[in-house]
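Let us walk through the side-chain contacts of this protein together, starting with its rings and ending with its charges. Have your viewer ready.

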Amino acid sequence: MAGAIGLSKQRGGLRVFGVAHLVAIGCLTAAYMIEGVHGLAVAALLGVLEVAVSFDNAIVNATVLARMGLFWQRMFLSMGIVVAAIGMRLLVPLAIVSIGARMSPTSAIDLAYSNPERYHQLLLAVQPGIAAFGGAFLLMIFLGFVFEERDDVWVGWFERPLRRLGRMPHIGEVLVLAFAVIAAGTVDSTISMKVVVGAVAGLGSFLLVNGISQLIAEQADADGASRPRATVNGKGAFFLFCYLELLDATFSFDSVMGAFSVTLDISLITIGLAIGAAYIRALTVYVVRRGTLDQYRYLEHGAYYAIGMLAVLLMVEVWRDVPDVLTAGAGAALIIAAVASSLAARRRQDLARRRGQYSDGPDAEVHAGPGHIAEYERDRERHAGSTERSGPGAGTRATGSERRQDRDADRERERARERERERDHHESHQNHARGRAVG
């Protein structure tokens, strides 16, 4: 049975990445038709760079995708790839240039293909405003996570003070507006308005998406039709899908800018980044279906820490350029650290269980210290005491994690009852033997 399950998971993974393989084959064929072997090599290189830079984005996206039903996961992997490649990595930069340079969309498209160097210069001119938008949007997501009460704490000295700070109403909005004011007064006067508009637009986008999601969640609760967080459907899933695409747009702009260091051909840039986007989305779906977020306790923390780090780096880009290597390396390092911490915590918990510290027997408190008892009680009551979350950036491990914790607690209680039965049977046998000896 276990072998069959493992084989099924392997086949599921192959099917998920099969979509990415098909996209890669189609894109590489198109690149070869455009510029021959040179175009093929450039597209392949851009695809590899996109995967390397955006690897941690897959974990971040998985924390949201885990709340969506199977239909919307398929939409994320199929239609979402088209949106990511054509919309976020081609049309959005064109729209930004069109608005920033005050030219018509057709003029922006003509400029991108006829004079890519000028097009790149116009993108660089509006980059501070885009960085302010992304920094404000991602900072609000990160603060929404760390301000929330939760059982698991990864970096206590950092998270607990922020949690206390989060009790102040609208503190996130105040921080974003403070950044906008400081930036406007310290950057060059030619870009100060772009920075302010970008920061306010980022804040407004988050509040709009978050407010709509909360409204839908409240309506669902009022109708008695609310679903577990891992199976959001209908309008709620649609807005989560839109939220994911907005998140992807925020992540992808650095990739678009970095691609100009490889080639100025807009077609090859779009094709190469589409390959990377397809593999990142396949990895996101694979992580969700494998239950990786449930297997690693602090992986969700690492993903949101990566969001917070990227928000800070984007805000720094308002004043000076930040190397893409630093952006990608910081996110990857946080994800790796979260996985390592999760494995260490799992080893400690397994060791404690082997020592009998998670027993429900009458001698449990003799073997377990108060810290272990409290941790085990939190594990047993996590479902009953979990905090309800409704915003798009809220944590998403609740449903799967709670079921896993409940199963673990049930198994521990069953083991404790089995040990108690064995002990009673052994004592009964000894008493019977002593009785016969006395007789």
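Counting ring against ring gives 13 aromatic pairs in what is, please keep in mind, a predicted model. A pair of aromatic rings is described by the distance of the centres and the angle of the planes. Take Phe-142 and Tyr-305 as an example: their ring centres are 6.0 Å apart and their planes stand at 90°. Pairing calls for centres within 6.5 Å, and an angle over 60 degrees is edge-to-face, so this pair is edge-to-face.

Where along the chain do Phe-142 and Tyr-305 sit? Phe-142 belongs to helix α5 (residues 116-146), while Tyr-305 belongs to helix α12 (residues 299-316). With their positions 163 residues apart, the pair links distant parts of the chain. Are these two rings buried or exposed? The relative accessible area of Phe-142 is 9%, so Phe-142 is buried. Tyr-305 comes to 10% and is buried as well.

Now turn to another aromatic pair, Trp-157 with Phe-158, which is also edge-to-face. Here the centres are 6.0 Å apart and the angle between the planes is 70°. The surroundings read like this: Trp-157 has a relative accessibility of 71% and therefore counts as exposed, whereas Phe-158, at 29%, counts as partly exposed. Both pairs come together in one aromatic cluster, made up of Phe-142, Trp-154, Trp-157, Phe-158 and Tyr-305.

From rings we move on to charges. Side chains of opposite charge can pair when their charged atoms come close. How many salt bridges does the structure hold? There is 1, and it is formed by the side chains of Glu-245 and Arg-281, with 2.8 Å from N to O. Glu-245 lies in helix α9 (residues 234-259) and Arg-281 in helix α10 (residues 266-289). The two residues are 36 residues apart, and their pair links distant parts of the chain.

Both partners lie under the 20% cut-off for buried residues: Glu-245 has a relative accessible area of 4%, so Glu-245 is buried, and Arg-281, at 3%, counts as buried too.

Arg-281 also brings us back to the rings. Which ring face does Arg-281 lie over? That ring belongs to Phe-76, and the distance to the ring centre is 4.4 Å. A further contact of this kind involves Arg-346, whose charged end sits over the ring of Tyr-296, 5.2 Å from its centre.

Methods. Residues numbered from 1 in each chain as written. Predicted model: local features only at pLDDT ≥ 70, side-chain atom pairs only at ≥ 80, totals over all residues. Heavy atoms only, no water. Salt bridge = Lys/Arg side-chain N within 4 Å of Asp/Glu carboxyl O. Helix = DSSP H or I, 4+ residues; strand = E, 2+ residues; numbered from the N terminus. Buried < 20%, exposed > 50% of the residue type's maximum accessible area, 1.4 Å probe, protein only. Phe/Tyr/Trp six-rings, centres within 6.5 Å; stacked < 30°, edge-to-face > 60°. Lys NZ or Arg CZ within 6 Å of the ring centre and 35° of its normal.
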